[in-house]
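Please examine the model shown below. The paragraphs that follow lead through its charged and aromatic side-chain contacts.

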Amino acid sequence: MIETSELHYRETIEVLNSVQPYHNEQDADSQHDPGQKRWFGQVLRFGLVGGLNTLVDLLILNILLLLFPTNSTPIILAYSALAYSLGAVNSFLLNKYWTFGFRQRTTWREVVRFIVTTLCGIGWSSIILWLASNALHPLLVNTTIWANASKVIAISGTALISYLGMSLWVFVNKARKEQTRLNAPVPAWGDAGTYPSCHSISVVLPAYNEEQVIANAVFTVLHVLNAWHLDFEVLVVNDGSTDRTGEIVAALADDHPGVRLITHPTNEGYGASLVSGFAAATKELTFFMDSDGQFDIRDLQKFFPLIDTYDAVIGYRIDRQDSWMRKLNAWGWKHLIGWVLDVHVRDVDCAFKLYRADFFHQSVLETRGAMINTEILYKMKRLGYSYTQIGVHHLPRTSGEATGAKLSVIIRAFRELFTYARKWHCEEQAVKSSYKFS
């Protein structure tokens, strides 16, 4: 098994060896095929889902007409709207997971966008249905016949609106959009919006059971930083993974001297991973980013112009791609540490931060769990270091499992917060007392 996996990743690494032309060739090839095929497949699937929805829609309409017969156009419009709405549930699920392949968890924004699109469809359908029914009603005496004929015309007229609304607004696959952006040629230093850096940089990637994404994460970092001609090293901290994360990174490190693997025999926690990475870093700047594929290393180019002015540049997630529960937890945690430690930032636990390495040489980090980001910012503030904040893109997780919401992780964070907050406040009081009596 080990030999097979190493062989597989060595073959993948050989593709990376010509890292500059790799992405350009991939982009050139992609222009000939996948775009048209994907669009044709989407339209075909959308048509099939639309056909099924039409059957559901008409079935509900006819059941209503059978149970509650009427010749009133307004009532038939209400029946139609109800049938359309119930069919929309089927449309949402099938189009989301099948037509557009949108695998991310459902968010309230997505539901609201779908409802707005559906309401637009209902409104447009009602307009067409009104016009069609008034034109056909004098010709067709049977209520059921003209209601169904009008409904078919209305469905045909709203299909385009529904498709465009869902494909361009509701089910926009951010993972695919961001992957396309990642595959684009990396802007060279000196291009618009980029700045040269005379600093060397250590990139710390904490990893726990990330076998499905770790190779791509390292490949992307190598590709981007090589294109920027930086003096860099990539430190992957394998925090006791039980999958093949360690052996994958080891294979990468064998072929790329700039990649180093740091291994914890057992899982010690997120903070412990960062502390090990910071301790092993040898460059002037230390940058860390999660290895789960939810950040784009290209956002780092916005940080370099600021690092000569500040001691740290910390990111905050734009349109955070997490569940509402994680967002609620983050909101509560942010306000709690603001109250307990007087640390006030937009997104304390955003795993995309750039530091001057001398801070880690002069400071002792004590926490080993999810409190680590809070501790760093608290001690920077206490020691007089400066930092600024900048927004970064946050992408949907495509594989693996987030550990930040685990109960054990949360309990450990609270325990470390109150244990070390008391300790640090006592240290502050001791320093103030020493100044008072000196």
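**Side-chain contacts in the predicted model**

Lysine 423 and glutamate 427 both belong to helix H15 (residues 407-437), where they are 4 residues apart, about one turn of the helix. The structure is a predicted model, and in it these two side chains form a salt bridge whose closest N and O atoms are 2.6 Å apart. Lysine 423 is partly exposed, with a relative accessible area of 33%, and glutamate 427 is likewise partly exposed at 28%. The two residues also belong to a network of salt bridges that links Glu366, Glu375, Lys379, Arg382, Lys423 and Glu427.

Helix H15 also holds an aromatic contact. Tyrosine 420 and tryptophan 424 both lie in this helix, 4 residues apart, about one turn of the helix. Their rings form a tilted pair, with 5.6 Å from centre to centre and 35° between the planes. Both tyrosine 420 and tryptophan 424 are buried.

Across the whole structure, a search finds 15 salt bridges. One of them joins the side chains of arginine 356 and aspartate 311, with an N to O distance of 3.7 Å. Arginine 356 lies in strand E6 (residues 352-356) and aspartate 311 in the loop between helix H11 (304-307) and strand E5 (312-318), so this pair ties together parts that are 45 residues apart in sequence. Arginine 356 has a relative accessibility of 23% and therefore counts as partly exposed, the cut-off for buried being under 20%. A further salt bridge connects the side chains of arginine 320 and aspartate 322, at 2.6 Å from N to O. Here arginine 320 and aspartate 322 are both buried.

The aromatic pairs come to 16. Among them, phenylalanine 303 and phenylalanine 352 meet edge-to-face, 5.4 Å centre to centre and with 75° between the planes. This pair links distant parts of the chain: phenylalanine 303 is in the loop between strand E4 (285-289) and H11, phenylalanine 352 is in strand E6, and the two are 49 residues apart. Phenylalanine 303 is buried, with a relative accessible area of 0%, and phenylalanine 352 also counts as buried at 0%. Strand E6 thus contributes phenylalanine 352 to an aromatic pair and arginine 356 to a salt bridge.

Aromatic rings also gather in one cluster, formed by Phe278, Phe288, Tyr355, Phe359, Phe360 and Tyr385. Finally, a charge meets a ring where the charged end of arginine 346 sits over the ring of tyrosine 316, 3.8 Å from its centre.

Notes
Residues are numbered from 1 along each chain as its sequence is written. This is a predicted model: local features need pLDDT of at least 70, side-chain atom pairs count only at pLDDT 80 or more; totals for chains, interfaces and linings use all residues. Side-chain values use heavy atoms; hydrogens and water are left out. A salt bridge is a side-chain nitrogen of Lys or Arg within 4 Å of a carboxyl oxygen of Asp or Glu. Buried means under 20% relative accessible area, exposed over 50%, partly exposed in between (1.4 Å probe, protein chains only). Rings of Phe, Tyr and Trp (its six-membered ring) pair if their centres lie within 6.5 Å; planes under 30 degrees apart count as stacked, over 60 as edge-to-face and the rest as tilted. A charge sits over a ring if NZ of Lys or CZ of Arg is within 6 Å of the ring centre and within 35 degrees of the ring normal.
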